[in-house]
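Please look over the model below before reading my comments. They are meant for a first reading.

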Amino acid sequence: MKSIIIATIALIAFGIAGCQTAPTKKTDSPSVVTKMGASEISPIEARPAVEAAYSQFVDVRTPEEYASGHADRAINIPLDTLAASLDKLEKNEPVYLICQTGSRSKKAAQILVDAGFSQVISISGGTAAWQTGSLPMVK
């Protein structure tokens, strides 16, 4: 009888433990946007997230445009090669996109959303707005 009671208590304990919420993955690439899919934010709003150690900050301009000056920490994956370069990005982490004025980054955002990326953020005004805001640039 005692072993039946112990077994019953153990089953109840396992059942309760199984109903607990799983811990969420903590990353060093915080998103300032909480909605899923594509969104747009200003360079000032994006700065803290793109400066995180493991942020995914992608400049989708041509290599020539990128070489002439780009936002600090942005990597270059041109828009015309983005679809073939998806393996360079983590699907379940926020991806921040920047171009010259914001037009190409919106197109890039749609490519990533269509490919199953959960959080894609376009920087409004692009590199022009980033520079106007006196944010860190590499020339």
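The points below deal with one helix, the cores and one loop residue.

1. This is a predicted model, in which local features need pLDDT of at least 70, side-chain atom pairs count only at pLDDT 80 or more, and totals for chains, interfaces and linings use all residues. Residues are numbered from 1 along each chain as its sequence is written, and side-chain values use heavy atoms, with hydrogens and water left out.

2. Helices (H or I, at least four residues) and strands (E, at least two) are DSSP runs, numbered from the N terminus. The 12 residues of α5 should span 16 Å at 1.5 Å a residue, and the end C-alpha atoms are 17 Å apart, which agrees. The expected span is 1.5 Å times one less than the number of residues.

3. In α5, the buried residues (under 20% relative accessible area, 1.4 Å probe, protein chains only) are S105, A108, A109 and L112. They cover an arc of only 105 degrees around the axis, so they lie on the same side of α5; the arc is that of the directions from the helix axis to the C-beta atoms. The face turned away from this side carries K107 and D114, which are exposed (over 50%).

4. The buried residues of α5 pack against β1 (37-41), α4 (79-82), β5 (95-98) and β6. Contact means heavy atoms within 4.5 Å.

5. S118 is in the loop between α5 (103-114) and β6 (119-123). Its relative accessible area is 16%, so S118 is buried. Leaving aside neighbours within four places in sequence, S118 is in contact with M36, G37, K91 and N92.
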